Every structure is written in C-alpha cells, then in structure tokens.
Amino acid sequence: MIHLQQLEMKNFMPFKGINHLAFPDSSSNRNVLLVFGDNMRGKTSILNAIRWCFYGKALNRNMRPYPILSIINKVSASEKDWTCEVKIKYETESA
C-alpha cells in the first residue's frame, strides 16, 4: 500500500512557482483530503500532477494526453522559465 505524504509542483499547469500540498497522516482519524473550489481553479490539475509523476502523462477532459508544452505554466513560460517539476513524497507499507 502507498501512502502519499506531500505533493510539490513547480510551474505545473495553472500552478506558477513552487506549490506544496500535504496529505493527511494515515495514522490519524483525520486521514481524508477533500479538494473543492470553483470550476477552472486547478482541482483536476492536482490529479494530473499525481498522474504525471507516476505515469508520465496528464489527461484532458476527454481523457486524451496533454501535449508537453501545455503542461508548463503559461505565465512562467512567457517569463522564459521553462522549468516544470512534480515531486511526490510517499511511504509504502507491506500488506
């Protein structure tokens, strides 16, 4: 079993600069993370960051892969910062 601990995104899709998301500790009774917000605010991009990190692709609403240049934050790219990174910190547990 894999327990996600932290997600770090740099210039990934709508997230400019470095952004962190800490996942709840699986040992506590508060081990559920809810992500909510208005449409077009980055909720699906968080899922795509996880997908990108583990599987090397991000999918659009039609389940088709985004072109690589669509993944880099547009504002960062216009500022000549083409760096795009996703890191996941996790732990594994034997079943």
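These legends go with a set of close-ups of one chain, and the model behind them is predicted.

**View 1. The whole chain, to get your bearings before zooming in.** You're looking at three helices and three strands, which come along the sequence in the pattern β-β-α-α-α-β. Put a box around the C-alpha atoms, along the principal axes, and you get roughly 45 × 30 × 25 Å. Of the 95 residues in the chain, 27% are buried. If you count contacts with a separation of 6 or more, 59% of them link residues 24 or more positions apart.

**View 2. The open sheet, with its three strands in the order 2-1-3.** Pairing here is antiparallel. Strand 2 (15-22) and strand 3 (85-92) sit at the edges, each pairing on one side only. From one strand to the next, the twist averages 10°. As a reminder of the general picture, strands of a sheet pair through backbone hydrogen bonds, either parallel or antiparallel.

**View 3. A closer look at the hairpin of strand 1 and strand 2.** Strand 1 covers residues 2-12, and six bridges tie it to strand 2, with the two running antiparallel. To pick out one rung, start at Met9: its bridge partner in strand 2 is Asn19. Two residues lie between the strands of this hairpin, and Met13 takes a positive phi near 55°. Keep Met13 in mind, since its backbone oxygen turns up again as a partner of the Asn73 side chain.

**View 4. Helix 1 laid over the sheet.** Helix 1 (residues 43-55) lies across strand 1, strand 2 and strand 3. Its direction runs at about 105° to strand 1. Ala49 is a handy residue to centre on: leaving out residues up to four places away in sequence, Ala49 touches Leu7, Met9, Phe12 and Val86.

**View 5. The largest nonpolar core.** This core has 14 residues. Those with the most contacts inside it are Leu7, Met9, Phe12, Ile46 and Ala49. Strand 1, strand 2, helix 1 and strand 3 each chip in at least two residues. The wider background is that, in soluble globular proteins, nonpolar side chains tend to be buried together. Two residues carry over from the earlier views: Met9, the bridge partner of Asn19, and Ala49, which touches Met9.

**View 6. Asn73, a buried polar side chain with backbone partners.** Asn73 lies in the loop between helix 2 (68-71) and helix 3 (74-78). Is Asn73 buried or exposed? Its relative accessible area is 4%, which is under the 20% cut-off, so Asn73 counts as buried. The side chain of Asn73 reaches the backbone oxygen of Met13 at 2.9 Å. That side chain also reaches the backbone nitrogen of Val75, at 3.0 Å. Setting aside residues up to four places away in sequence, Asn73 touches Asn11, Phe12, Met13, Pro14, Phe15 and Lys16.

**View 7. Trp82 and what it touches.** Trp82 is found in the loop between helix 3 and strand 3. Its contacts, leaving aside neighbours within four places in sequence, are Leu69, Ile72 and Ala77. Where does Asn11 come in? The C-alpha atoms of Trp82 and Asn11 are separated by 8.0 Å, with their positions 71 residues apart along the chain. Asn11 also appears in View 6, among the residues that Asn73 touches.

**View 8. The aromatic cluster of Phe54, Tyr55 and Tyr90.** The structure holds two aromatic pairs. In one of them, Phe54 and Tyr55 sit 6.5 Å apart centre to centre, with 55° between the planes, and the pair is tilted. Together with Tyr90, these residues form one aromatic cluster. Phe54 is partly exposed, at a relative accessible area of 35%. Tyr55, in contrast, is exposed: its value is 64%, over the 50% cut-off.

**View 9. Arg30, out in the loop between strand 2 and helix 1.** That loop is where Arg30 lies. Its relative accessible area is 70%, which is over 50%, so Arg30 counts as exposed. Not counting residues up to four places away in sequence, Arg30 touches Pro24 and Asp25. For contrast, flip back to View 6, where Asn73 is buried.

How values were computed
Residues numbered from 1 in each chain as written. Predicted model: local features only at pLDDT ≥ 70, side-chain atom pairs only at ≥ 80, totals over all residues. Heavy atoms only, no water. Pairing = 2+ DSSP bridges. Helix = DSSP H or I, 4+ residues; strand = E, 2+ residues; numbered from the N terminus. Axes fitted to C-alpha atoms, helices over the stretch in contact; angles between N-to-C directions. Contact = heavy atoms within 4.5 Å. Phe/Tyr/Trp six-rings, centres within 6.5 Å; stacked < 30°, edge-to-face > 60°. Buried < 20%, exposed > 50% of the residue type's maximum accessible area, 1.4 Å probe, protein only. Polar contact = N/O pair within 3.5 Å; in protein donor to acceptor, adjacent residues only side chain to side chain. Core = buried A, V, L, I, M, F, W, Y, C linked by side-chain atoms within 4.5 Å.
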